[in-house]
Amino acid sequence: MPLWEISKLNSPKSYLAGTINNIKSKGNEEVINKVVQEKFDSASAFITQIDIINSDFILSKNQVEIGMNKTLKDILSEKDFSTLSSLRDDWVQTKKNQYEAPDSVKIKLLFYLQDALFQNDGKNLFFEQIWMQQAMATKKEILGFETYQKHYKDLAQITLPEQIEFMNSIKNVEKFKTEFNDAVVDYYFSGEYEKIYTEHLNKFNYNKTNYGNLWVKKHRDWATTIDPILDSQSCFISLEVQHLFGKENFIDNLLSKGYKVKKIQ
């Protein structure tokens, strides 16, 4: 697991771990090695991407839903709805699941597609969950970069034509998932982290057209949010590794605020 030390004059040292959500639990337990665990244990606060404590279910639900009691069938053309239905039917036949048919779904197209592409069988390592449990047990302060409703609000700004373009790029849900997950895991274990960033841009093409809002602005906001926290206490930060590379990434924003960021693993 890549790990960085964050330091600044007259401030305690903090640590930043780059993670992915695609690693199977079985056989990969040592990803959180002794060095990472020691740095986590030494911190007084745990910072993760989602601010769960201040997240609001109703506000999040409002961002995800189409609204006006409409379904995907109501807002898509006959051709686009047929494409979506075929994607779903092919996937259900390929992979046993209870994925809801799109004619009754009232959530926006992008979130419907993401539900399929990010669905897992519960066998992956979820680092944030592991550390959250440890942080609660040891009474660390738990903080987050953004709430769920903010996360969904940003994604909800992606236009319907962009969502449809993304849908048309998928072709086959299971193949898309497998190719993406395999590539990300291979890059992670070979230390080619910037390729993970590139993979996210290429496979999820709405990231390119919304780069300013989903990447640049987010990274600036995140750095501003935790700046006063890093000034006052030692923190352990968990963040998906694609946000640590590429143009105007999160580390760049820490550097712009006067922090030194040194990779230690």
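Student: How do I read the pair formed by helix 7 and helix 12, and at what angle do their axes cross?

Tutor: Two packed helices are described by the angle between their axes and by the distance between those axes. In this model, which is predicted, the axes of helix 7 and helix 12 come within 11 Å and cross at roughly 150°. Angles over 145 degrees count as roughly antiparallel, and helix 7 and helix 12 are therefore roughly antiparallel to each other. The crossing in which helix 7 passes helix 12 is right-handed.

Student: Which residues of helix 7 and helix 12 meet?

Tutor: From helix 7 (residues 148-156) you should look at Lys 150, His 151, Asp 154 and Leu 155, which meet Asn 213, Leu 214, Lys 218 and Asp 221 in helix 12.

Student: Tyr 148 is placed in helix 7; is Tyr 148 buried or exposed, or in between?

Tutor: The relative accessible area of Tyr 148 is 33%, and since values between 20% and 50% fall in the middle class, Tyr 148 is partly exposed. Not counting residues up to four places away in sequence, Tyr 148 touches Ile 50, Ile 52, Ser 55 and Ser 60. The C-alpha atoms of Tyr 148 and Leu 59 are separated by 8.6 Å, although the two residues are 89 residues apart along the chain.

Student: Now to helix 1 and helix 6: at what angle do their axes cross?

Tutor: The same two descriptors, angle and distance, apply to any two packed helices. The axes of helix 1 (residues 34-42) and helix 6 (residues 127-137) come within 11 Å and cross at roughly 40°, which makes helix 1 oblique to helix 6. Their crossing is right-handed, and the contact is made by Val 36, Gln 37, Phe 40 and Asp 41 on the side of helix 1, with Trp 131, Gln 134 and Ala 135 on the side of helix 6.

Student: What else is Trp 131 in contact with, leaving aside its neighbours within four places in sequence?

Tutor: Besides Val 36 and Phe 40, the contacts of Trp 131 include Met 1, Ala 17, Thr 19, Ile 32, Phe 46, Phe 236 and Ser 238. As a general idea, nonpolar side chains tend to be buried together in soluble globular proteins. Here the largest nonpolar core has 81 residues, of which Trp 131, Phe 236 and Phe 250 touch the most other members. The largest share of this core, nine residues, comes from helix 12 (residues 211-232).

Student: How should I read the sheet, and what is the order of its six strands?

Tutor: Strands of a sheet pair through backbone hydrogen bonds, in either a parallel or an antiparallel sense. This open sheet runs in the order 4-3-5-2-1-6, with mixed pairing. Strand 4 (141-146) and strand 6 stand at the edges with a single partner strand each, so one side of each is left without a neighbour in the sheet. On average, neighbouring strands of the sheet are turned by 25° against each other, with direction ignored.

Student: With which strands does strand 1 pair in the antiparallel sense?

Tutor: Strand 1 pairs in that sense with strand 2 (residues 11-19) over five bridges, and also with strand 6 (residues 260-263) over four bridges. Trp 4 is a convenient residue to follow, for it stands opposite Leu 16 in strand 2 and has Lys 263 as its bridge partner in strand 6. Ser 7, in turn, has Lys 260 as its bridge partner in strand 6. The hairpin of strand 1 and strand 2 has two residues between the strands, and Asn 10 there takes a positive phi near 70°. Strand 1 (residues 3-8) is mostly covered, with five of its six residues buried.

Student: Which residues of helix 8 are buried, and what covers them?

Tutor: In helix 8 (residues 160-170) the buried residues are Glu 162, Gln 163, Ile 164, Phe 166, Met 167 and Ile 170. Their cover includes helix 4 (78-94), helix 5 (109-117), helix 9 (173-189), helix 10 (193-203) and helix 11 (206-209). Just after helix 8, Lys 171 takes a positive phi of about 70°.

Student: Where is Leu 76 placed, and is Leu 76 buried or exposed?

Tutor: Leu 76 lies in the loop between helix 3 (72-75) and helix 4, and with a relative accessible area of 8% Leu 76 is buried. Leaving aside neighbours within four places in sequence, Leu 76 is in contact with Phe 81, Leu 84, Leu 109, Leu 160 and Ile 164. The C-alpha atoms of Leu 76 and Leu 160, 84 residues apart along the chain, are separated by 8.9 Å.

Note on methods. Residues are numbered from 1 along each chain as its sequence is written. This is a predicted model: local features need pLDDT of at least 70, side-chain atom pairs count only at pLDDT 80 or more; totals for chains, interfaces and linings use all residues. Side-chain values use heavy atoms; hydrogens and water are left out. Buried means under 20% relative accessible area, exposed over 50%, partly exposed in between (1.4 Å probe, protein chains only). Two strands pair if DSSP finds at least two bridges between them. A nonpolar core is a set of buried Ala, Val, Leu, Ile, Met, Phe, Trp, Tyr and Cys residues joined through side-chain atoms within 4.5 Å. Contact means heavy atoms within 4.5 Å. Axes are lines fitted to C-alpha atoms, for helices over the stretch in contact, and angles run from 0 to 180 degrees between N-to-C directions. Angles under 35 degrees count as roughly parallel, over 145 as roughly antiparallel, 65 to 115 as roughly perpendicular and the rest as oblique. A crossing is left-handed if the near helix is turned anticlockwise from the far one by less than a right angle, and right-handed if clockwise.
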